Amino acid sequence: MAKHAAPTPPAQEAEPEAPKQFRFPSAFTVLFVVTIAVWLLAFIVPTGAYQTGDDGAPITGSYERTSDPLTFGERLMQLFLAPVNGLYGVQGSDGFIGPYESGELYGAAGVFLFVIAIGIFITMSMSTGAIDNGVARVAQRMSGRGPVLIAVLMVLFSIGGTTEGMAEETLGFYALVIPLVLALGYDRMVVAGIIMVGAGTGTLASTVNPFATGVASDAAGISIGDGIGARLIMYLVLVPISVWWVLRYARRVKADPSLSRAPDAEGDEELRRQGLRDSAELTGKQKLVLTTVGLTFAFMIFAIVPWAQVINGPNAESYGWQLDWYFPELAALFLAMSLVIGLIGGLGEKGLTDTLVRGAGDFIGVGLIIVLARGVTVIMNNAEITGTILHSMEEIVRNTDSGIFGAVMFLINLPLAFLVPSSSGHAALAMPILAPLADFADVSRASVVTAYQSASGLVNLITPTSAVVMGGLALAKVRYDQYLRFVLPLLGILLVLCTLYIAVIASL
């Protein structure tokens with residue numbers, strides 16, 4: 001009897017591979033692309049410069065085209081050295097920035113070390129267990145009042161922005177706010193909104209910010225108090241709008257987590273559980289740690305506010321008790337207080353050293369992002385294209401109606417704010433050129449100052465060359481594209497309101 005071959009089982013069809021989802025590049029990749037784009041732009045934009053006065057400010061009407069200051073080989077070297085110059089490039093007397101120049105430090109070495117010191121301080125504080133227990137207790141007490149907490153924190157950050165231009169200083173608060181917000185049922189985008197949008201909107205509507213309003217007013221030849229009423233009205237209108245926007249998003253995400261624009265990062269569930277658990281009573285050591293953390297941040301704010309200049313004008317002499325600290329002193333403060341926290345928490349010698357190294361390592365990525373962002377501005381500076389861009393703006397705003405002049409003045413400061421993300425640098429560069437144009441349009445110079453600082457603040461909420469934006473998003477673990485989708489509609493609202501408001505005050 002013939003044997004029949006067993007039937008061959010039908011070949012199973014291979015399941016089609018799931019299409020790979022597009023993943024937006026990291027902050028490092030974004031900054032790399034921006035660096036290349038700006039480097040290429042420098043080949044297209046003609047070089048030019050203004051003559052400068054004794055104070056180094058450009059003189060109106062003195063713009064002249066210049067020969068290309070760099071050969072192609074030198075341009076390649078500028079691209080190659082951009083991260084190095086971004087860290088410790090020095091600006092010489094001729095304005096050129098390089099690692100071997102003699103002059104003032106232009107690189108972000110101070111901010112870089114400040115971020116590392118903040119990382120060590122926060123990591124040391126969390127190692128004591130005080131932060132976890134403290135967050136849990138606050139989360140329990142505020143479990144039904146999350147919106148109130150968001151609004152209060154945003155207002156506090158906005159006050160820091162409007163009074164002293166709170167920017168890089170905000171980087172130290174992410175590690176404190178993240179677990180609290182997650183424990184209350186929100187996502188990491190809410191954290192970015194509270195800190196970045198809160199402080200950024202306050203800076204946009206600076207009232208007595210000496211680094212923006214003060215520098216610009218001085219360069220425009222007016223008092224820092226000129227136009228303060230109009231700026232205060234702007235603050236009182238724009239900050240509530242920003243708070244509403246973040247609260248609107250927060251409520252939607254809490255009601256339906258699938259609407260989140262920032263999916264959970266690794267460890268978020270653990271942070272939520274820690275915040276929602278029944279917390280143990282804080283020990284005496286933990287209470288002392290939390291008190292020390294709070295006092296350290298409060299002292300930081302006190303130390304950096306130029307009180308005399310805020311009260312009496314940008315040229316006033318500092319009070320005897322005024323510290324006038326900046327990033328070098330702040331970095332030293334947080335390093336020293338890290339040791340104090342470790343000793344209070346009883347971590348011991350090995351615990352201290354291990355935590356110090358771990359904290360520095362956790363924040364090194366943020367520091368590198370800040371360095372890369374600063375490297376972009378070095379390329380723009382050394383290519384000598386900023387003068388040409390200023391000159392094109394000078395031509396645009398001549399002989400216009402006062403209302404149109406105000407609106408145009410705001411709009412032309414937007415691209416300049418991208419090129420010069422430093423608010424004080426933007427003011428020192430642009431105000432000597434733009435402020436005198438107000439005289440020809442019969443517009444107060446205070447309106448020009450308001451237009452400049454509003455544009456600078458608006459752009460610095462999103463510009464990828466800003467250490468505050470890219471560093472803050474890295475700390476919040478929010479991708480840049482996610483943040484843009486969250487914040488761009490709000491920026492559209494602020495853009496329209498600022499344009500109309502500045503047009504109105506320029507017409508008065």
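On a 1 Å grid over the protein atoms alone, a cavity is a set of points where a 1.4 Å probe fits but cannot get out, whereas a pocket is an open set with protein on both sides within 12 Å along at least five of seven lines, and lining residues have an atom within 4 Å of a point. Grid points are joined across faces, edges and corners, and a volume is the space filled by probe spheres set on the points. The model is predicted, so that local features need pLDDT of at least 70 and side-chain atom pairs count only at pLDDT 80 or more, while totals for chains, interfaces and linings use all residues. Residues are numbered from 1 along each chain as its sequence is written, and side-chain values use heavy atoms, with hydrogens and water left out.

A search of the whole structure finds 1 cavity of 30 Å³ or more, and the volume of the largest cavity is about 40 Å³. Its lining is made by Trp 39, Ala 42, Leu 70, Arg 75, Gln 78, Ile 379 and Ala 383, which divide into 5 nonpolar, 1 polar and 1 charged residues (Ala, Val, Leu, Ile, Met, Phe, Trp, Tyr, Cys and Pro count as nonpolar, Asp, Glu, Lys and Arg as charged, and the others, Gly among them, as polar). At least two of these lining residues come from each of α1 and α2 (72-88), where helices (H or I, at least four residues) and strands (E, at least two) are DSSP runs numbered from the N terminus.

Helices α1 and α2 also each supply at least two residues of a nonpolar surface patch, which covers about 570 Å² and consists of Leu 40, Leu 41, Phe 43, Ile 44, Phe 72 and Leu 76. The largest share, 4 residues, comes from α1, while Phe 72 belongs to α2. Patches are made of residues with over 30% relative accessible area and no salt bridge, with nonpolar side chains (Val, Leu, Ile, Met, Phe, Trp, Tyr) joined within 5 Å and like charges within 9 Å; the areas come from the Shrake-Rupley method with a 1.4 Å probe, and a salt bridge is a side-chain nitrogen of Lys or Arg within 4 Å of a carboxyl oxygen of Asp or Glu.

The second largest pocket holds about 1,100 Å³ of space. Among its 42 lining residues, Ile 178, Arg 188, Ala 474, Leu 475 and Lys 477 are the closest to its centre. Helix α14 gives the most to this lining, with 6 residues.
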